[in-house]
Amino acid sequence: MSQISSTRTIPVTGRIPRHVAIIMDGNGRWATQRKLPRTAGHVRGVQAVRRAVEACGHRGVEYLTLFAFSSENWRRPAQEVSLLMRLFVRTLEREVDKLVAQGVRLRIVGDLGAFDAKLRRLIDEAEQRTEQQSTLTLTIAANYGGRWDILQAMQALLKAHPEMAEHPEQLDEDALNPWLAMAYAPEPDLFIRTGGEQRISNFLIWQLAYTELYFTDCYWPDFGAAQIDQAFAWYADRERRFGRTSEQLRTPT
Ligand code: IPE
Ligand code: IPE
Ligand code: MG
């Protein structure tokens, strides 16, 4: 499937974002505030994932992408990393039936080779079992980094087309896009980061070129349908110009 590039074609956009990408941040602080171990925040965060999937499905979102573990999160204490992996395994084991019932197709993107064999097998099975669903595509970014994505896409492109190394002028967005980890999805319309930080933290750096960026202080375990509605109301008020002027938008030529 070919992806429409926001820098090459002006996308048609509506009041409801077609693709929502979320950095689920603030689990640790949510827990610390309650004098709980950070890991308790991650456990609670899974409930917020369920709420987000349901709310987005009901509102007609087609693609929901959640940043679960960054390529830099390995730098955390070993105990926290291993809890996060166990939580990932447990959630995959428990939630797939529910996803099928909700019409959710699950995709996992990231450098999955770093995960153990059991987790990789569960990922494969979950993707296969939800493959035919079409209401909402839920993508979990795990061991994902935006720079990794661009580099792996370049490597895959050159492997498939070694002649391109001799003709670098042929390298353009249309050549690279199909090799990006999320080539099956349009670029995100709305980016949400919970937890109060205003940074991208190596998320979908290529794909966020023209995405509307929304930041909220709400910690991820507290995020739910009401917060999604707030973000969507904010989004509906944006004027997405894609380089044009406001006047051009009011009087299309
Ligand atoms: C996000 O919450 C979850 C992951 C990165 C896995 P954090 O764990 O980053 O929570 P804070 O930012 O420390 O509060
Ligand atoms: C980004 O959150 C990654 C995920 C939510 C998975 P971090 O908490 O790791 O980001 P930084 O380190 O504060 O930038
Ligand atoms: Mg954080």
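Here are some questions and answers on helix packing and ligand contacts in this predicted model.

Q: Why are H2 and H3 called roughly parallel to each other?
A: Helix H2 (residues 38–58) and H3 pack at about 25 degrees, their axes 11 Å apart. Angles under 35 degrees count as roughly parallel, so that's the label H2 and H3 get. As for handedness, H2 passes H3 in a right-handed crossing.

Q: What makes the contact of H2 with H3, and how does it split by class?
A: From H2 you have Arg-38, Thr-39, His-42, Val-43, Val-46 and Arg-50, and from H3 there's Glu-80, Leu-83, Leu-84, Leu-87, Arg-90, Thr-91, Glu-95 and Lys-98. Sorted by class, that gives five nonpolar, three polar and six charged residues.

Q: Why are H3 and H4 called roughly parallel to each other?
A: Helix H3 (residues 78–101) and helix H4 (residues 117–130) pack at about 15 degrees, with 10 Å between their axes. The cut-off for roughly parallel is under 35 degrees, so H3 and H4 qualify. H3 passes H4 in a left-handed crossing.

Q: Which residues make the contact of H3 with H4?
A: On the H3 side they include Met-85, Phe-88, Val-89 and Leu-92, and on the H4 side they include Leu-119, Leu-122, Ile-123 and Ala-126. The contact of H3 with H4 divides into eleven nonpolar, one polar and four charged residues.

Q: Why are H2 and H7 called oblique to each other?
A: The axes of H2 and helix H7 (residues 225–236) cross at roughly 50 degrees and come within 9 Å. Under 35 would be roughly parallel, and 65 to 115 would be roughly perpendicular. The angle for H2 and H7 fits neither, so oblique it is. The crossing of H2 and H7 is right-handed.

Q: What makes the contact of H2 with H7, and how do its residues divide?
A: H2 brings Ala-52, Ala-55 and Cys-56, while H7 brings Ala-225, Ile-228 and Phe-232. Ala, Cys, Ile and Phe count as nonpolar, and the tally is six nonpolar, no polar and no charged.

Q: How do you know that ligand 1 has polar contacts with Asn-27, Gly-28 and Arg-29?
A: The cut-off is a pair of N or O atoms within 3.5 Å. A backbone N or O atom of Asn-27 sits 3.1 Å from an oxygen atom of ligand 1, and for a backbone N or O atom of Gly-28 the value is 2.9 Å. Arg-29 uses its side chain instead, with an N or O atom 2.7 Å from an oxygen atom of ligand 1. Gly-28 and Arg-29 are also among the residues that come nearest to ligand 1, out of 13 around it.

Q: What makes the pairs of ligand 2 with Asn-73, Arg-193 and Ser-201 polar contacts?
A: Again, N or O atoms need to be within 3.5 Å. An oxygen atom of ligand 2 is 2.9 Å from a side-chain N or O atom of Asn-73, and one is 3.2 Å from a side-chain N or O atom of Arg-193. For Ser-201, a polar side-chain atom lies 2.6 Å from an oxygen atom of ligand 2. The surroundings of ligand 2 also include Ile-23, Met-24, Phe-67 and Phe-69.

Terms used. Residues numbered from 1 in each chain as written. Chains lettered and ligands numbered in written order. Predicted model: local features only at pLDDT ≥ 70, side-chain atom pairs only at ≥ 80, totals over all residues. Heavy atoms only, no water. Axes fitted to C-alpha atoms, helices over the stretch in contact; angles between N-to-C directions. Helix = DSSP H or I, 4+ residues; strand = E, 2+ residues; numbered from the N terminus. Parallel < 35°, antiparallel > 145°, perpendicular 65-115°, else oblique. Left-handed = near helix turned anticlockwise from the far one by under 90°. Contact = heavy atoms within 4.5 Å. Near = heavy atom within 4 Å. Polar contact = N/O pair within 3.5 Å; in protein donor to acceptor, adjacent residues only side chain to side chain.
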